[in-house]
Amino acid sequence: MLKFTVVTTIGALLLAGIVTQAAAAARVRGNNIAFSGCTEFRVPFCTVAVSGGKTYWLTDATPPIPANVGVTLVGVLAGDVNPCFATAVKVTKWKRNRLHCPMK
């Protein structure tokens, strides 16, 4: 019985260490995001990118990102839902890629 308790305790401590390291890695990454997707324009003033089933509102991109093109971008999550009904991303850098995006 003592052997079982010791093994169980060691296992629990190892598992807690793994979970703690994963949480620490998530904190280090912070709110940075990088993805590729297709851009769209939404009325009245929103340029959004769709990637992996999620929609991101692209803000502060220099130069401005055109609509209906494929892009790869890096940015910082800037908030939750907004007038564009998408997660806001402050774009740090972006470049056009070869994704074929449908006109909408």
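In the predicted model, T59 touches V89, K90 and V91 once residues up to four places away in sequence are set aside. T59 itself is found in strand 3, which spans residues 54-59, and with a relative accessibility of 15% this threonine counts as buried, because the limit for that class is under 20%. The neighbouring position in the sequence, L58, has a longer list of contacts, which, again not counting residues up to four places away, comprises F35, T39, T47, V48, A49, I65, L73, V89 and V91.

L58 also belongs to the largest nonpolar core, a set of 12 residues in which it is joined by I33, F35, A49, Y56, A61, I65, V69, V71, L73, V89 and V91. At least two residues of this core are supplied by each of strand 1, strand 3, strand 4 and strand 5. A second core, separate from that one, holds 6 residues, among them V48, W57, A86 and A88.

The strand pairings can be followed from strand 1, which covers residues 32-42 and runs antiparallel to strand 4 (residues 70-79), the two being joined by 7 bridges. Within this pairing, G70 of strand 4 is the bridge partner of C38. Strand 1 is also paired with strand 2 (residues 46-51), in the antiparallel sense and over 5 bridges, and F41 stands opposite T47 of strand 2. The connection between strand 1 and strand 2 is that of a hairpin, with 3 residues lying between the two strands.

Strand 2 is in turn joined to strand 3 by 4 bridges, and these two strands likewise run antiparallel. A49, a member of the largest nonpolar core, stands opposite Y56 in strand 3, and Y56 is itself listed in that core. Strand 2 and strand 3 form a hairpin as well, here with 2 residues between them, and G52 in the turn adopts a positive phi of about 60°. Strand 2 is mostly covered, in that 5 of its 6 residues are buried.

The model contains 2 disulfides. One of them joins C38 to C101, with an S to S distance of 2.1 Å, and the torsion about this S-S bond is about -80°, so the disulfide is left-handed. Because C38 lies in strand 1 whereas C101 lies in the segment after strand 5 (87-96), the pair ties together parts that are 63 residues apart in sequence. Both ends of this link fall in the buried class, C38 at a relative accessibility of 18% and C101 at 16%.

The other disulfide joins C46 to C84, with an S to S distance of 1.7 Å, and the link is left-handed, with -75° about its S-S bond. This pair also links distant parts of the chain, since C46 is located in strand 2 and C84 in the loop between strand 4 and strand 5, 38 residues apart. C46 and C84 are both buried. When the bonded cysteines of the chain are numbered in sequence order, the pairing reads 1-4, 2-3.

Notes: Residues numbered from 1 in each chain as written. Predicted model: local features only at pLDDT ≥ 70, side-chain atom pairs only at ≥ 80, totals over all residues. Heavy atoms only, no water. Buried < 20%, exposed > 50% of the residue type's maximum accessible area, 1.4 Å probe, protein only. Contact = heavy atoms within 4.5 Å. Pairing = 2+ DSSP bridges. Disulfide = S-S within 2.5 Å. Core = buried A, V, L, I, M, F, W, Y, C linked by side-chain atoms within 4.5 Å.
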